[in-house]
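Student: Could you take me through one part of this complex in close detail? I would like to follow how the strands are put together, and then see what surrounds them.

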Amino acid sequence: MSELASGSSTQGRVGGSYLMIESQGPWAGPNAGRFVRDAAELAAAGTAVVLLLVQDGVLAALGGPSDALDRLRRNGGTVWVDGFSLRQRALPVAKLCEGAAVVDMDTVAAVLLAESGQAVWH
Amino acid sequence: MALATKRWDLLLIMTAPPHYADTFTTVLRLADAVLRRDGSARVWACGYSTMLTQDTHGETKPTNTRAPDVDHPSSASIVRDLISGHGGRFGWIGCTACSDERGATNHIGEVLLRSPGRLMATMSTSAKTIFIGGA
């Protein structure tokens, strides 16, 4: 997801690129956490990863980050939070964990249209 | 001479039921954003998502008693406007098997109906496919 997502942080990566879209909140069941862990593992393996939190998925970025979210960032992954989903749930941007960037759907569309990576939804 | 196959930028396969979460809204927002960037997108509706484009919805939702003077478009109306308003850059496909199973066979005329046997062929005409599960 190259320069749109994280600029120089993707330099030197060896794998492809993934836009991973998490739509379920942390309390929906264990799979949401597993999905974020998968994103962190892909980033650790050298893949450029953008994790987009949308719908109830934005709840994962509130307060302190989960271990998986923190690991994803430390491994060079990017965390995007859908601004519309935040506003719809009256969640303040100020409560987001460090490193999470608020984006709109235009940013997501730009990535989907411009790049050759894969997109995965959960 | 064979006809050229139309290529699409994005295919969204929506098997998630439409009203247990705001998935339908997200799909519309994403499709709208792609269209604003002059891209093309289409949706393959499976499962209960086939209900979204029934002509029995009419043009508007039932009256919201807290805002009785405001008309809110039905899902079928929104899909129809997206299809007709973008010069062939937006499409909506209804799965015939899912429609038949649910008796949801009265789609608006703009919806293309396809057998699930053509899903792979449909995917092959799109640069990217996002599968939204949860049926």
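Tutor: Let's start with one pair of residues: A:V81 stands opposite A:V102, which belongs to β4(A). Please keep in mind that this is a predicted model. The pair sits where strand β3 of chain A, residues 78–82, runs parallel to β4(A), with four bridges between the two strands. Stepping back, β3(A) and β4(A) belong to an open sheet of five strands in the order β4-β3-β2-β1-β5, with parallel pairing. At the edges are β4(A) and β5(A), the latter spanning 118–121, and each of them pairs on one side only. From one strand to the next, the twist averages 25°.

What lies across this sheet? Helix α2 of chain A, residues 30–44, lies across β1 (17–22) and β2 (48–53) of chain A, and its direction makes an angle of about 165° with β1(A). Chain A as a whole has five helices and five strands, and along the sequence these follow the pattern α-β-α-β-α-β-α-β-α-β. Of the 122 residues in chain A, 48% are buried. Contacts also reach along the chain: among those between residues at least 6 apart in sequence, 73% join residues at least 24 apart.

One backbone detail of chain A deserves a look. A:A90, in the loop between α4 (83–88) and β4 (100–103) of chain A, has a phi near 55°, a positive value although the residue is not a glycine. Most residues other than glycine have a negative phi. A:A90 counts as exposed because it has 6 C-beta neighbours inside 10 Å, where the limit for exposed is 12 or fewer.

Now to chain B, and its own sheet. Here too there is an open sheet of five strands, in the order β4-β3-β2-β1-β5 and with parallel pairing. The edge strands are β4(B) and β5(B), each of which pairs on one side only. Ignoring direction, neighbouring strands in the sheet of chain B are turned by 25° against each other on average.

Strand β3 of chain B, residues 90–95, is a good place to linger. Six of its six residues are buried. In a regular strand the side chains alternate between the two faces of the sheet. In β3(B), B:F90, B:W92 and B:G94 point one way, while B:G91, B:I93 and B:C95 point the other way. On one side, β3(B) pairs with β2(B) in the parallel sense over five bridges, and there B:A41 stands opposite B:F90. Between β2(B) and β3(B) the chain passes through helix α2 of chain B, residues 75–84, in a right-handed β-α-β crossover.

β3(B) also runs parallel to strand β4 of chain B, residues 112–114, and three bridges join them. Here B:I93 has B:L112 as its bridge partner. The route from β3(B) to β4(B) goes through helix α3 of chain B, residues 96–102, and this β-α-β crossover is right-handed as well. Toward the other edge, β1(B) and β5(B) run parallel and are joined by six bridges, with B:L10 facing its partner B:K128 in β5(B).

Chain B has its own positive phi in a residue that is not a glycine: B:D38, at about 65°. B:D38 is in the loop between α1 and β2 (41–45) of chain B, and it counts as exposed because it has 10 C-beta neighbours inside 10 Å.

Finally, how do the two chains meet? On the chain B side, 17 residues are in contact with 13 residues of chain A. β1 (8–14), α1 (23–36) and β5 (126–132) of chain B each supply at least two residues of that side. The largest share, seven residues, comes from α1(B). By type, the contacting residues of chain B divide into eight nonpolar, three polar and six charged.

As for confidence, the complex has an ipTM of 0.89 and a pTM of 0.89 from the predictor. Chain B has an average pLDDT of 94, with 99% of its residues scoring at least 70.

Conventions: Residues numbered from 1 in each chain as written. Chains lettered and ligands numbered in written order. Predicted model: local features only at pLDDT ≥ 70, side-chain atom pairs only at ≥ 80, totals over all residues. Contact = placed C-beta atoms within 7 Å. Nonpolar A, V, L, I, M, F, W, Y, C, P; charged D, E, K, R; others polar. pLDDT = per-residue confidence, 0-100. Buried ≥ 20, exposed ≤ 12 C-beta atoms within 10 Å, placed from the backbone. Pairing = 2+ DSSP bridges. Right-handed = clockwise from strand over helix to strand, strands pointing away. Axes fitted to C-alpha atoms, helices over the stretch in contact; angles between N-to-C directions.
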